[in-house]
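Colleague: I'd like a close look at one part of this model, the place where two of the helices pack together. Could you walk me through that, and then say a little about a loop and a ligand site as well?

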Amino acid sequence: MQWTMVIPLKPLTRAKSRLADTAGAGLRPGLALAFAQDTVAAALACTAVGDVAVVTDDAVAGRELAALGARIVPDLPGAGLNPALAHGAAVVRASHPERPVAALNADLPALRPDELARVLASAGEFPRAFLADAAALGTTLLTAAPGRELLPAFGPGSRERHRASGAVELTPAGVDSVRQDVDTGADLRAALALGVGPWTEAAAAPLAGRAPVPGQ
Ligand SMILES: Nc1nc2c(ncn2[C@@H]2O[C@H](COP(=O)(O)OP(=O)(O)OP(=O)(O)O)[C@@H](O)[C@H]2O)c(=O)[nH]1
Ligand SMILES: C=C(OP(=O)(O)O)C(=O)O
């Protein structure tokens, strides 16, 4: 079974605002892009993935992620995350209606292709399914079988909303890299401890061993 991945990414200058006490405004857009590059590269390297679409209006991110092999779907301006995902799913389904669809956050810099394959194999058994994030409050991945609506309800506390919507919560062992989203400095340290991809490794290097510098 080959999956279509839909990855949302908001404009880099506004992204990852909760990293403000770890990385200043000069470093945050580069970090957000690096997270997305490592996420997209790992998804494209996953044997269970047929195609990857990134929903974004960011020109720089669009160029860089297209260079990796992602399809870029323009965002719905001002609509927000869940409409962006529903729109992205509809666009990709026009090309591959036979493929199951998975929404995946763009902030998974430790993502490993083999762990993503295990999560998708488990998701393939259900009409709709999701994986909780490392904090056990949110969601990093939501799936829908062919012909089923995705019905995304991402945002703070989304684990409970996705469960209440009838999606099956996936509980495979050993998939920490698919759960480890990065919202805060503590999340970034946890991702670095798991082992991040090359873009995040480089983008996070200036943060190592020193306090954040205001304005950077
Ligand atoms: N296309 C699109 N993606 C979005 C939008 N809002 C959030 N996202 C993406 O959705 C995913 C989950 O969002 P968050 O974890 O809150 O990331 P964020 O909004 O950059 O982080 P904060 O600024 O700290 O809230 C990330 O991949 C974001 O880039 C949106 O309006 N459009
Ligand atoms: C997008 C989500 O939340 P956060 O912004 O906390 O990553 C979510 O978990 O659905």
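Modeller: Here is the helix pair, followed by the loop residue and the ligand shell. Keep in mind that this is a predicted model.

Start with helix α1, residues 28–44, and helix α2, residues 59–68: their axes come within 10 Å and cross at roughly 25°. Angles under 35 degrees count as roughly parallel, so α1 runs roughly parallel to α2. As for handedness, α1 passes α2 in a right-handed crossing. If you want to pick out the contact on screen, look on the α1 side for L33, A36, Q37, V40, A41 and L44, which meet V60, A61, E64, L65 and L68 of α2. Sorted by class, that contact of α1 with α2 is made of 9 nonpolar residues, 1 polar and 1 charged.

Now for the loop. G157 sits between β6 (139–144) and α5 (158–164). Is G157 buried or exposed? G157 counts as exposed, because it has 12 C-beta neighbours inside 10 Å, and a residue is exposed if that number is 12 or fewer. Try finding A136 too: G157 and A136 are 21 residues apart in sequence, yet their C-alpha atoms are 8.9 Å apart in space.

Last, the ligand site. Around ligand 2 you'll find D133, G138, T139, F154, G155, P156, S158, D181 and D183. By class, this shell around ligand 2 splits into 2 nonpolar, 4 polar and 3 charged residues.

Methods: Residues are numbered from 1 along each chain as its sequence is written. Chains are lettered from A and ligands numbered from 1 in the order in which they are written. This is a predicted model: local features need pLDDT of at least 70, side-chain atom pairs count only at pLDDT 80 or more; totals for chains, interfaces and linings use all residues. Axes are lines fitted to C-alpha atoms, for helices over the stretch in contact, and angles run from 0 to 180 degrees between N-to-C directions. Helices (H or I, at least four residues) and strands (E, at least two) are DSSP runs, numbered from the N terminus. Angles under 35 degrees count as roughly parallel, over 145 as roughly antiparallel, 65 to 115 as roughly perpendicular and the rest as oblique. A crossing is left-handed if the near helix is turned anticlockwise from the far one by less than a right angle, and right-handed if clockwise. Two residues are in contact if their C-beta atoms, placed from the backbone, lie within 7 Å. Ala, Val, Leu, Ile, Met, Phe, Trp, Tyr, Cys and Pro count as nonpolar, Asp, Glu, Lys and Arg as charged, and the others, Gly among them, as polar. A residue is buried if 20 or more other C-beta atoms lie within 10 Å of its own, exposed if 12 or fewer, and partly exposed in between; C-beta atoms are placed from the backbone. A residue is near a molecule or strand if its C-beta atom, placed from the backbone, lies within 6 Å of it.
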